[in-house]
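This note is intended for a colleague meeting the structure for the first time. Its points take up the sheets, the helices that pack on them, one residue, and the empty spaces.

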Amino acid sequence: MFQRIAVTACSDALPPERRGKVEELLEILREMELEPVCSRYIFSDRAPFGVDGRKRAGELESFYRDASIGGIFDISGGNLANELLDELDYELLQRNSKPFWGYSDLTALLNAVYARTGNPAWLYQIRNMTGSDGARQREEFAAYLSGKDRRLLEVPWEGVQGGHMEGVLIGGNIRCFLKLAGTPYMPSFQGKLLFLESRSGSAALMASFFSQMKQMGVFQKIAGLLLGTFTELEKNGQTQELLRVVRQAAGTKLPVAKTRAVGHGEDSRCLIIGRPYACSF
């Protein structure tokens, strides 16, 4: 297990009043015998704006360049992660491959790094360890990093249609993933498993997103569609409406499965972008 890790905020800067919660997380990491090294650009009095994308990209590159750092964990979210996409030296990231973890708005950056380097990326937010499910999250995270077990990655899938799918996983938050449309940072869809989740958004907004992907030819290329939690929509009792939207865009032949174990909830488990998955249901 690596010991020295970087803690970053590649998306929105955090306001200063969040320092206490971040310090709580850092203490948890230290109790796991990890040595967190923090980005200079996590907090800003102008949050969500902080320093420009070039400086945040340079900070991220410095963590890749530092051989003593074994993993990079982003604790931000929001809107601004794609400011880094044109600023990164992807050859540097490829040469110094190491686990890069984040979720939500980091979807854009994690998928871009995979698309440009082939390096896998971990779709998971370590801030979960300070949340309502913190005890389990800490136990499973520590067990995974130590190599004891892989419960953090064990995701149960419920079939929606079809019976089996397999392929390399891409995706994440649907809104943030679609920021990559039309850019050189979008991964190839051919033969992939596409995972999608969302924190906010009505059924109508999801219909718009899925229509966009249909128009991009996504559902003719992927080998299967995996759905995580759609928090606001499910809270409003619209899960069946979501599945109707999915079938309308993707058709009835594409394998589709759903889980409640991955998304924006504090009980979320981890998926790895760029790794092969196989699901039978």
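1. The model is a predicted one. A convenient place to begin is helix 7, which lies across strand 8 (193-198) and strand 9 (224-230). Its direction makes about 160° with that of strand 8.

2. Strands 8 and 9 belong to an open sheet of six strands, in the order 6-10-9-8-7-12 and with mixed pairing. At its edges stand strand 6 (158-161) and strand 12 (276-280), each of which pairs on one side only. On average, neighbouring strands in this sheet are turned by 35° against each other, direction ignored.

3. Within this sheet, strand 7 and strand 12 run antiparallel and are joined by five bridges. Glu166, a residue of strand 7 (164-173), stands opposite Ala278 in strand 12.

4. The surroundings of Glu166 deserve a closer look. Which residues does Glu166 touch once its neighbours within four places in sequence are left aside? They are Gly191, Leu193, Ala223, Tyr277 and Ala278. Gly191 is 25 residues from Glu166 in sequence, and their C-alpha atoms are 8.4 Å apart. The side chain of Glu166 also makes a polar contact of 2.8 Å with that of His164.

5. A further open sheet of six strands has the order 2-1-3-4-5-11, and its pairing is mixed. Strand 2 (35-38) and strand 11 (271-273) are the edge strands, each pairing on one side only. From one strand to the next, the twist averages 25°.

6. In that sheet, strand 1 (4-8) and strand 3 (71-74) run parallel, with four bridges between them. One residue of this pairing to locate is Thr8, whose bridge partner in strand 3 is Asp74. Helix 1 (19-31) packs on the sheet, where it touches strand 1 and strand 2, and its direction makes about 145° with that of strand 2.

7. Helix 5 (134-146) lies across four strands, namely strand 3, strand 4 (100-102), strand 5 (121-123) and strand 11. The angle between helix 5 and strand 4 is about 165°.

8. Turning to the open spaces, the largest pocket has a volume of about 360 Å³. It is lined by 21 residues, and those closest to its centre are Arg18, Tyr103, Gln125, Arg127 and Glu266. By class, the lining comprises five nonpolar, ten polar and six charged residues.

9. The second largest pocket has a volume of about 160 Å³. Among its 13 lining residues, Asn173, Arg175, Arg199, Ser200 and His264 lie nearest the centre. Helix 6 (174-177) and helix 7 (203-215) each contribute at least two residues to this lining. Its class composition is five nonpolar, six polar and two charged residues.

10. How many cavities of 30 Å³ or more does a search of the whole structure find? The search finds four. The largest cavity has a volume of about 70 Å³, and its lining includes Leu123, Tyr124, Asn128, Phe195, Glu197, Val262 and Arg269. Five nonpolar, five polar and two charged residues make up that lining.

11. Two residues of the cavity lining, Tyr103 and Gln125, may be compared with point 8, where Tyr103 and Gln125 are named among the residues closest to the centre of the largest pocket. A reader inspecting the model may wish to display both spaces together.

Conventions
Residues are numbered from 1 along each chain as its sequence is written. This is a predicted model: local features need pLDDT of at least 70, side-chain atom pairs count only at pLDDT 80 or more; totals for chains, interfaces and linings use all residues. Side-chain values use heavy atoms; hydrogens and water are left out. On a 1 Å grid over the protein atoms alone, a cavity is a set of points where a 1.4 Å probe fits but cannot get out, and a pocket is an open set with protein on both sides within 12 Å along at least five of seven lines; lining residues have an atom within 4 Å of a point. Grid points are joined across faces, edges and corners, and a volume is the space filled by probe spheres set on the points. Ala, Val, Leu, Ile, Met, Phe, Trp, Tyr, Cys and Pro count as nonpolar, Asp, Glu, Lys and Arg as charged, and the others, Gly among them, as polar. Two strands pair if DSSP finds at least two bridges between them. Axes are lines fitted to C-alpha atoms, for helices over the stretch in contact, and angles run from 0 to 180 degrees between N-to-C directions. Contact means heavy atoms within 4.5 Å. A polar contact is a pair of N or O atoms within 3.5 Å; within protein, one must be able to donate a hydrogen and the other to accept it, and residues adjacent in sequence count only if both atoms are side-chain atoms.
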